[in-house]
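Dear colleague,

I am handing over the structure we spoke about, and below it you will find an account of what was found. Please read it with the structure open beside you.

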Amino acid sequence: MSTYQEFIQQNEDRDGVRFSWNLWPSSRLEATRLVVPVSCLFTPLKERPDLPPVQYEPVLCSRANCKAVLNPLCQVDFRAKIWACNFCFQRNPFPPSYAGISEVNQPAELMPQFSTIEYIVQRGPTAPLIFLYVVDTCLEEEDLQALKESLQMSLSLLPPNALVGLITFGRMVQVHELSCEGIAKSYVFRGTKDLTSKQIQEMLGLTKPGATAQQGRQPVPQEAAASCKFLQPVHRVDMNLTDLLGELQRDPWPVTQGKRPLRSTGVALSVAVGLLEGTYPNTGARVMLFIGGPPTQGPGMVVGDELKTPIRSWHDIQKDNARHLKKATKYYEAMANRSAVNGHCIDIYACALDQTGLLEMKCLSNLTGGHIVMGDSFNTSLFKQTFQRVFSKDYNGDFRMAFGGVMEVKTSRELKVCGAIGPCVSLNSKGPCVSENEMGVGGTSQWKMCNLNPSSTLGMFFEIVNQHNAPVPQGGRGVIQFITQYQHSNTQRRIRVSTIARNWADAQSQIQHIESSFDQEAAAVLMARLGVFRAESEEGPDVLRWLDRQLIRLCQKFGQFNKEDPTSFRLSESLSLYPQFMFHLRRSPFLQVFNNSPDESSYYRHHFVRQDLTQSLIMIQPILYSYSFHGPPEPVLLDSSSILPDRILLMDTFFQLVIFHGETIAQWRKAGYQEMAEYENFKQLLQAPLDDAQEILQTRFPMPRYIDTEHGGSQARFLLSKVNPSQTHNNLYTWGQETGAPILTDDVSLQVFMDHLKKLAVSSSA
Amino acid sequence: MNVNQHTPMASPYGQPQPGYGQPGYAPLDGGYPAPYAPYNGPTSAYQPGAPPQGPVRGPPVSGAPPVSAPQQYNQYSHSQGEMQNGPPPMTQAPPRPAVSQSYNPAGMNMTGPPHPSYPQHYGPPPTMQQVTNQMTGMQINSGPPTPAGPGYAPPNSSQPPVSTAYTAAPPTSYAQGPPPASSAPTQPPPPSGPAAPQQYYGGPSPPSQQPFNSSLPPTSQQQFTPAPPPSQQTFPPSSYSGPMPPASQAPAPPVSQPQQSFPPPAQPTFSAPPASQPPAFAPGPPLQNQGSFPPRGPPPSSQPGSFPPPGPPPTSLSSGPYPGQMPPQQHPPPSQPSPYHSGPPPPGVQMPPTSMAQSNHLPPGPPGPPGPMQQPPPQPGMPGGFPPQQNGAFGQVRGPQPGYAGPYPGQPNYGAPAPAPAPAAPAQKRLDPDAIPSPIQVIEDDRAKSTEPFTTGVRGQAPPLVTTNFQVKDQGNASPRFIRCTAYNIPCTADMAKQSQVPLAAVIKPLATLPPDEIPPYLVDHGESGPIRCNRCKAYMCPYMQFIEGGRRFQCGFCSCVTEVPPHYFQHLDHTGKRMDCYDRPELSLGSYEFLATVDYCKNNKLPQPPAFIFLIDVSYNAVKSGMVNIVCEELKTLLDYLPRENPEMDSVVRVGFVTYNKVMHFYNVKSSLAQPQMLVVSDVSDMFVPLLDGFLVNVNESRQVIESLLDQIPEMFADTRETETVFGPVIQAGLEALKAADCAGKLFVFHTSLPIAEAPGKLKNREDKKLIGTDKEKSLFQPQVGFYNTLAKECVAQGCCVDLFLFPNGYVDVATLGVVPVSTGGSVYKYTYFQAQSDRERFLNDLRRDVQKLVGFDAVMRVRTSTGVRATDFFGSFFMSNTTDVELAGLDCDKAITVELKHDDKLSEETGALMQCAVLYTSCSGQRRLRVHNMAVNCCSQLADLYRNCETDTIINFFSKYAFRGILNSPTKAVRDTLINQCAQILACYRKNCASPSSAGQLILPECMKLLPVYLNCVLKGDVLLPGADVSLDDRAYLRQLISCMDVSESHVFFYPRLLPLTKLESDSLPVAVRDSEERLSKGGVYLLETGLHLFLWVGASVQQELLLNIFGTPSFSQIDPSMTSLPVLDNPFSQRLREIIDSFRAERSRYMKLMVVKQEDKTELIFRHFLVEDKSASGGASYVDFLCHMHKEIRQLLS
């Protein structure tokens, strides 16, 4: 196993890829019997400090429907200066620039350690990055002030040549002109009217109706000049914009008692999208939407302005009682698609105590690769630091963001791609390697990711199409190539190519090997993605049932047991953790909506389907550390039995960081022992989890909610809801143990779950 | 008849004076002048027509009439009038009263006997002949008229209508009929009037006149004299006789003459009557005469003198046919007056024995008793022989004119030939313009008469004319400044009303500004329960409520319902049944007052917010280039300190907002907390909205800095704009939405330049199509192009959003459509075609200043309640009506008048009279909800004569013009014109038939109070709206149409009959006496100031004295006068100072600033100026006064036969 673990780790480090199976069954039939599909988590822009980009362009296979990139797996005839495509077997001559090629003088892309390589494309003009702030002004004074400060601060983080724009909205939508001297100008749109992109552009004076037709010669300069009014280089307008932001007022329209402020989020976005569409199509741009409440009027309205009508809950949705849900969702989806087509991404920064309509708006970010950040107020460090971290830079001093990514997948003949799950949209590119069987976003071999960052991870699903009766030759390898084109944050166009190969194995004869090549972590995350993807469109219970069935089938396939004897059930090491992941997944907010608002669910799912494997696993099964006088900090079981009076627990659920002081510790702390010199060690104990938490906080995006609580504290619920309820009020004394804390829940514990699983797995009827 | 003759006369003149001929009208007037130089010219022109006549009538007429006219006036005017009256029989004491004067054109002609014959002859001609021609004219007239051209012909006829009756035959008729009538009329202070006629007679009379001569005759005769000397005089006189003449005093002579002339004829017989007649005229005309008159004296005299000469010719003519007629005619006139006489009548009547003459005479007699008032005389006067005077006039005129300066001055111009007395003689045939009723005379008479404050307590009493300065004391009826009625005695029954065709209407100016010496309406607070009202009809507490049962209840004067008096309002009654506190409470003792409204009277039951003013400025290329944007912005900086307020101590509570626009809208945030204003562009013009609330409407003082910064920057921002397209509908929508958002009423000031062709609601296309003019489709050009603005207007009204539109067009902008909203919301439209910063700046700024500063009420609803029996059925003005009773005005300012037409729906009783209560609920500019109540009681009469005796022509014209201008929306313009003429003819025919003493059918007899109806009506008919010239754009017509629809009587009066002042001599405390609006009255050596309420011209004669030029322009040379100057140089000499004072005072009087235009004689611009000489034939085909009078006479005769 160690070999496989190392192999997996090495592959992840080098190519940013984790496959569910690292040996591939050689036929379609066998593959389906494996239950967990051949699939992978792929992080296209995984940070590779050790990988300098090459300054030339990739060499492509000359076959029109292939165009695979030359890679280390290709057979090369150095003498003939010919290479054979390992996907279509087309023989291609090297381009003239490769004339000097030889066994001893190989280009980087042919070296095995460069299975992932990055090219810089020199062609074409480079466009500056564009940041368009779309700011809700229906905020409390304090919130608005904080937001204004954050925005002003952000100006200093932008590259000087980046273009910025500002749209504010409340009851009306204002597009601010930044180029003007003297009077501050803005264009105003009514918040209730759905305008087409063309109308918006006309109203902004971006197109002169008729003018372009008449004077076809000069449309370009005109447009450029016009767009300049709203999108200006930071270095030129930062003073102006800082003042503008400073003078930003709360929405001046009176809000009568019992009403919500009228918030035209829908139109504001439409204007933002329309503006960019008209001025900088196919250029990397980031629309950053800051909202302090739900859209309450116009297209995209999520809830009416009557406070007596609460915003939809899961209950309402299940009862089909959410009036605006479908319409609003449809509206935002259409907008997200438009935006995606133009390569612009949309971030949503929602800070409010109540829901803000993320459920309806999530697609804006999901489809365009934008961020969603949810907080209680703009005046919190959660928002401030998260926002700041959007502009964090990598080791090269470049933003950790890339735009307009297009990822293409090439597969060797034995397999086809079924789909992808992650922050992407289909580009509907049909090809020979596209499977008819869709999983996630399928039916294409190309996906667009308007915005990427080093942790953006896609779940890719494949299908083995090799027929059972046409075995793969021994030693043959399946190959997958990921070609990701994107605009780097320094405005360069780049192409990153990862070529991955795995051995084929005959599932009948080599099932052991296949089993041992199982990456249960990756598989858990991939299955979770599938589940979450289904949950978006299916009823919760159906998804759980599906997951359960998959789990049972997997256990039946790989478990060792005697029929009808649950106690005899055993799983190999490579699968041992898998059921536990599934147990926690079933309880996770990604699939359970109880106790979560629709917005929260959307928020959690949004992040789940884009983080890399490690983060995803944390989300599925939070990590629990224990701090006590009994020894160094250690990870402990995510179980109620871990909650002991003399421990401090640190739980990381990705979204929350909970520091939980056990009963005794809490009492000590209350008594103030940590202030006494003689209890310095206690002080250190208290400090230890804080330091660890700080470390996590520093690196995580979005910043997790930081919770410091103690035994009996109301916030302790965050911990209690996550741990396995091995002790409940139902079984508290049956075990006769005194350790741990009982959880007041009717949820089944892992033990019960496993028992039941075994029972079903061994059952012949299942 | 005579009148008709006038025209003919023209010809006659023409002959003598070729020059005149063409001027046609001018000539007429010139008629006088003609004698001088002018005539010759004109004459020639006329001649064609006239020529034939010329020989015969022509000479006599023309010559004679003029002269006589003056005389008449003179006579009428005052002394003479009376004097004459005395002599005659009548005294037309009360000039005004003189209801009718009859012109006997025919009469004129007539020799006594001939009359009958004349009528016939004249019959045809009558129309025209009016005066002079009568004789020959009569016959000739017929001829002449025609020659004159269609236009003339009719006009001629029209002339007759004037006031007097022309009767060819008149003689007889006059004699008989008139007397009685006249007697009745007594009112006619007429004495004077009659006198005038007499004068005429005098002229004519020579033979017969003599009697007249005694008093009037002379004058009238003067003119006549020349022509008719004896017999002729008669003719001319009779026809044009007095009536007309009086009107134009200077010309008056002629006018009066006609009338008088009539009398004259009669006179012979009724010698006495003649005399009286003159007086009658005098009343009306007298003034004029007087004014100018000094001349009178002279004129007469001169006339006589002159007459003789002319006379001869005329005489001959007249003598033949006319002589006889003449007399009769004259008589008739008197008859008319009769109505007035009524009082005095009896006596008068007898006297008048004969028609006109008698009447006049009679009055005189009676007058004595009744007082000069007895207008009756005037009537006679009217009839007075025009002819004679005219003839005489010429001769005399010349002489006098110079003296008069005013009146005749013009002549001089023509006059060069002046000496041409001779020509004059020939002119005789023509109807003497001076013999027909002169507006100037009437105005001057009224002025002279109105020395005491006018007290409103007496029911049925007509107030002084709008041209008169007088003080009002509110004693229970609304001041005439608030309400003017067409009639102060309204018929008891619908039948009578229908028969008379006199429109029953009131022109109400609810928020009129009062002069400083009058007290504005008191504000009454009836407490929380609101104003006390009748339970049934909801009329507000007013002096007409009768308290009964010891004061516990009151009976409504309108519907007779009895209502309990609320305890808090209870008060004991005194022994007369009046409440003890009657004089402590404005609502019980005054005609006008205000109530504080309670929340029940507010929209949505919420007390109103203070109003807001929003300035919406077009910043398209044209607007910037013309300098408009710059000027507006610059001006607003200071103007904002003068927003309307009720308490001068306090800051105005009116908030302001700013918008600029081209094809998109720019709103501005000028919140006081901002360092710089912010501009908010709204491009979505298809669905207008207001982008901001807080910061858009601000208090001027709080945001002063930001506003100033904004106003500084607007011109800069758009200095380089290339946008030429504009929108308009969304502009108003924007303002409306802003007011809606702020939940307040307010006013939009829109500064707009061009046809809104940009894609937006309310987009318009250019539809100006000259080809449609005159067709049945013409009306569509006055209708809005799209329905959008009507809907928008409705919304504006609902919100209390008043729109004032300032237009700066360089081409067609479709005022008819753009004006819909302003007109429906009680707003105003200002138009500055081809605006140029340099020359139009002052006018625009003054208009703007006044418009911004003037007191205005918002969100107003006006309701007119009347006593049972009549009902307000129709409303004219700038407002919107969603039902048939409530006049809704988004804004109502102090210059807006609403004309209300009343109709019978039952009988009225003479005892109770008819009551009218106009209540206006509005929000004051300080945001207070108030009710302004105006009460008006008028008498009811069962005698038509009473109706005619107490009506007001100016108000009738106001009504007619509004009625007609609305009519053109639905009917072809021609039909509207015909309707007007027809109704006018019916009114006068009804009078002739029912009130005037019997007289020859050929005699034109006009009610004293309506003797100016024809001339004014002609002005309406030939105005740009109803009869556009080739150079009048559709926009101008639409603009005027809308403008007039909300004018009050005073403005409509000066608009239709401009004020023309001779400036030769200026006295420090009074204005020079105006002269009639005719080229004939202009003297080549003079300088004249003409004012229409919209325009101000300074006409400079070609041979003006150097000294005058130095005084006015500071230059000694005519050629060095810069015709483009818009203000006079400030020179340190009394003349210049006084002139500028006068100009300033004129401007102050009018609601719109009048740009001064300097017109040099024979300069290109003189064409424009001539357009306003409304008594002349107009370039667009409008009839001259004389011609129209003849035409009217013909119409009347047709109706009578």
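I begin with one pair of residues in chain B: F554(B) has T563(B), in β11(B), as its bridge partner. The model in which this pair sits is a predicted one, and I come back to its confidence scores further down. The pair belongs to the contact between strand β10 (residues 553-555) of chain B and β11(B), which run antiparallel and are joined by three bridges. Together with β9 these strands make an open, antiparallel sheet of three strands in chain B, in the order β9-β10-β11. Because β9 (546-548) and β11 (562-564) of chain B each have a single partner strand, they stand at the edges, and one side of each is left without a neighbour in the sheet. On average, and ignoring direction, neighbouring strands of this sheet are turned by 30° against each other.

A second open sheet in chain B has four strands, ordered β5-β7-β23-β21, and its pairing is also antiparallel. Its edge strands are β5 (483-485) and β21 (870-876) of chain B, each of which pairs on one side only. Here the average turn between neighbouring strands, direction ignored, is 25°. Helix α49 (residues 953-967) of chain B packs on this sheet and touches β5, β7, β21 and β23 (898-904) of chain B, while the direction of the helix makes about 60° with that of β21(B). Within the sheet, β5(B) and strand β7 (residues 505-508) of chain B are antiparallel and joined by three bridges, and I483(B) has I508(B), in β7(B), as its bridge partner.

You may wish to know how many disulfides the whole structure contains. The search over all chains finds zero. For C534(B), the closest cysteine sulfur is that of C559(B), and because the two sulfurs are 3.4 Å apart, they are too far from each other for a bond. C534(B) is buried, with a relative accessible area of 1%. C582(B) is likewise in no disulfide, the nearest cysteine sulfur being that of C542(B), 11 Å away. C582(B) is buried as well, at a relative accessible area of 9%.

For chain A, two annotations come from an unreviewed UniProt entry. The record lists residues 402-505 of chain A as "domain: Sec23/Sec24 beta-sandwich", and over that range the chain is 0% helix and 55% strand, with its end C-alpha atoms 38 Å apart. The record also lists residues 633-719 of chain A as "domain: Gelsolin-like", and there the chain is 37% helix and 23% strand, with end C-alpha atoms 18 Å apart.

As to confidence, the model scores ipTM 0.84 and pTM 0.75. Chain A averages a pLDDT of 89, and 95% of its residues score at least 70. Among the elements of chain A, strand β3 (residues 39-42) has the highest mean pLDDT, 95, and helix α5 (residues 211-214) the lowest, 40. Over residues 209-226 of chain A pLDDT stays under 50, and the model has nine contacts beyond four places in sequence for them. For chain B the mean pLDDT is 71, and 64% of the residues reach 70 or more. Residues 1-429 of chain B stay under 50 throughout, although the model has 3618 contacts beyond four places in sequence for them. Where pLDDT is low, the predicted coordinates should not be read in detail.

With best wishes

Note on methods: Residues are numbered from 1 along each chain as its sequence is written. Chains are lettered from A and ligands numbered from 1 in the order in which they are written. This is a predicted model: local features need pLDDT of at least 70, side-chain atom pairs count only at pLDDT 80 or more; totals for chains, interfaces and linings use all residues. Side-chain values use heavy atoms; hydrogens and water are left out. UniProt positions are given in the numbering used here, feature names are shortened, and annotations may be inferred rather than shown by experiment. Helices (H or I, at least four residues) and strands (E, at least two) are DSSP runs, numbered from the N terminus. pLDDT is the predictor's confidence in each residue, from 0 to 100. Contact means heavy atoms within 4.5 Å. Two strands pair if DSSP finds at least two bridges between them. Axes are lines fitted to C-alpha atoms, for helices over the stretch in contact, and angles run from 0 to 180 degrees between N-to-C directions. A disulfide is a pair of cysteine sulfur atoms within 2.5 Å. Buried means under 20% relative accessible area, exposed over 50%, partly exposed in between (1.4 Å probe, protein chains only).
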